[in-house]
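Visitor: Could you take me through one part of this model up close? I'd like to start with a pair of side chains that meet, and then see what lies around them.

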Amino acid sequence: MKISEVMNCSFSSWYSQFKDFTIKSQIIPLPQVFLDYLHADQLVLPESSVQLSAVDEDGDDNRNSENVINWATEEIIMPEAESPSFPEFELLLKTTITRMGGVVFPKLNWSCPKDASWISFDRTLKCTCPSDVYLLLKSSDFISHDLTQPFKYCDDDENLKDETQVKYELVLRKWVEMNPAYEFRCFIKDNKLLGISQRHNDMFYKFIPENRKEIEADVKAFFYHIVKDNFPDKNYCFDIYRRNQGKLLLLDFNPFGEVTDSLLYSWDELSGDSLPEDGPEASLLRCVESPVGVQSNPYAAYAVPKDLIDIAHGDDPTKLMQLLKLKVAQQQGEVSDSSDDEEFSVNT
Ligand SMILES: Nc1ncnc2c1ncn2[C@@H]1O[C@H](COP(=O)(O)OP(=O)(O)OP(=O)(O)O)[C@@H](O)[C@H]1O
Ligand SMILES: [Mg+2]
């Protein structure tokens, strides 16, 4: 896999070419100040997003005072972390979210923060305001990967793997409710459709094996008519959503290689000379054929946030305090009518 192949899958590289076949999206270049914020090892929202948190129950403004926290038996003095500020960028996010219908799905050049959905109220990546976006991006290892080692698996010269040359972007996509049974990943090698896998391979969807032929026909037609001659590489993967028979929506492009989840295939068989199913009557589509074939959820490891594991090991108590304060601030801001009853509970 080459750096150029990873770059061709960066959202802005393909969006304009495939605009008519994918979800409406807005690309927002990331200003340096926001990139610095994402890189920083602190979970602090911009002041504009947490104004409510600065006023305690007595109405006192605590913004400039030191917080004294009784942590178990010890008192920890935690100075207020400095809030970042990027008002122009924030305004752009707000107007874009409104323009997208009020609910968006966020991602950077390649990845969305799918490992961070635990942090939101409804455990989805739905964002309705800038602080939703900040919190998800700041909490995700996939986002860190995009920012720090997007070319990790490339076999180019190490000196060329320079992420500082990447023009980082935030992509806000109109939120679309999806049925996971209708999502598929397609593997393209030497400009041929090598295989199709159901996207959520930890589930059995009766619908898929029952509609195998129709699904294959639709994906083939979509690939040969729409994607094949318009994507610049010969090896790549793309994800599609088949809303209905004959109605397909392109979701994303991914590099052909280890950085991309091969789902019900393995990279060894995809990269090798032939697949076991090769042959005139062979099926292109792999799916879970019965309820006993389900695999473990690939993101189960993310169900317990790594930050909380750090805390459990006693490594970094300030991290948890920052997170708790953020959640409380968000809840105070967003659940105005039941703020007395709301609790943030942590299972350790
Ligand atoms: N606009 C959207 N609205 C709602 N859900 C979405 C939207 N776009 C994508 N999703 C869901 O999020 C999942 C991940 O999206 P996407 O492929 O863009 O992220 P990714 O980080 O590139 O994931 P992957 O690592 O699987 O390539 C999709 O499979 C789909 O279920
Ligand atoms: Mg992707």
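Guide: Start with lysine 107 and aspartate 252, whose side chains meet in a salt bridge, with 3.1 Å from N to O. Keep in mind as you look that this is a predicted model. The two partners sit in distant parts of the chain: lysine 107 belongs to strand 4 (residues 104-107), aspartate 252 belongs to strand 9 (residues 247-255), and they are 145 residues apart. Are these two residues buried or exposed? Buried means under 20% relative accessible area. Lysine 107 has 5%, so it counts as buried. Aspartate 252 has 9%, so it is buried as well.

Now stay with aspartate 252, because it turns up again at the metal, and its 9% relative accessibility makes it buried. The magnesium ion (ligand 2) has Asp252 (OD) and Asn254 (OD1) as its protein donors, and they lie 1.9 to 2.2 Å from the ion. What about the other donor, asparagine 254, is that one buried or exposed? Its relative accessible area is 10%, so asparagine 254 is buried.

Aspartate 252 has a third role to look at, this time beside ligand 1. There are 18 residues around ligand 1, and the ones that come nearest are Cys112, Lys114, Glu183, Arg199 and Asp252. Zoom in on some polar contacts there. A polar side-chain atom of glutamate 183 is 2.5 Å from an oxygen atom of ligand 1. Arginine 185 also brings a polar side-chain atom to an oxygen atom of ligand 1, at 2.9 Å. Tryptophan 110 does it with its backbone: one of its N or O atoms lies 3.1 Å from an oxygen atom of ligand 1. How much of ligand 1 does the protein cover? On its own, ligand 1 has 620 Å² of accessible area, and the protein covers 88% of that.

Which parts of the fold make up this shell? Strand 4, strand 5, strand 6 (183-189) and strand 9 are the elements that give two or more residues to it. Sorted by class, the shell around ligand 1 has 9 charged, 7 nonpolar and 2 polar residues.

Let's go back to salt bridges, since the structure holds 10 of them. One of these joins aspartate 155 and lysine 2, with their closest N and O atoms 3.0 Å apart. Aspartate 155 is in the loop between helix 6 (141-148) and strand 5 (169-174), while lysine 2 is in the segment before helix 1 (3-8), so this pair ties together parts that are 153 residues apart in sequence. Lysine 2 has 36% relative accessibility, so it counts as partly exposed.

Another of the bridges is between glutamate 289 and arginine 212, and here the closest N and O atoms are 2.5 Å apart. Glutamate 289 lies in the loop between strand 10 (285-286) and helix 10 (306-312), and arginine 212 lies in helix 8 (residues 212-227), so parts 77 residues apart in sequence are tied together. The partners sit differently, though: glutamate 289 is partly exposed at 48% relative accessibility, whereas arginine 212 is buried at 16%.

So, back where you began: aspartate 252 meets lysine 107 in a salt bridge, is a donor of the magnesium ion, and is among the residues that come nearest to ligand 1.

Notes:
Residues numbered from 1 in each chain as written. Chains lettered and ligands numbered in written order. Predicted model: local features only at pLDDT ≥ 70, side-chain atom pairs only at ≥ 80, totals over all residues. Heavy atoms only, no water. Donors = N, O, S within 2.8 Å, 3.2 Å for Na, K, Ca; no water. Buried < 20%, exposed > 50% of the residue type's maximum accessible area, 1.4 Å probe, protein only. Salt bridge = Lys/Arg side-chain N within 4 Å of Asp/Glu carboxyl O. Helix = DSSP H or I, 4+ residues; strand = E, 2+ residues; numbered from the N terminus. Near = heavy atom within 4 Å. Polar contact = N/O pair within 3.5 Å; in protein donor to acceptor, adjacent residues only side chain to side chain. Areas by Shrake-Rupley, 256 points an atom, 1.4 Å probe, with all protein chains shown as cover. Nonpolar A, V, L, I, M, F, W, Y, C, P; charged D, E, K, R; others polar.
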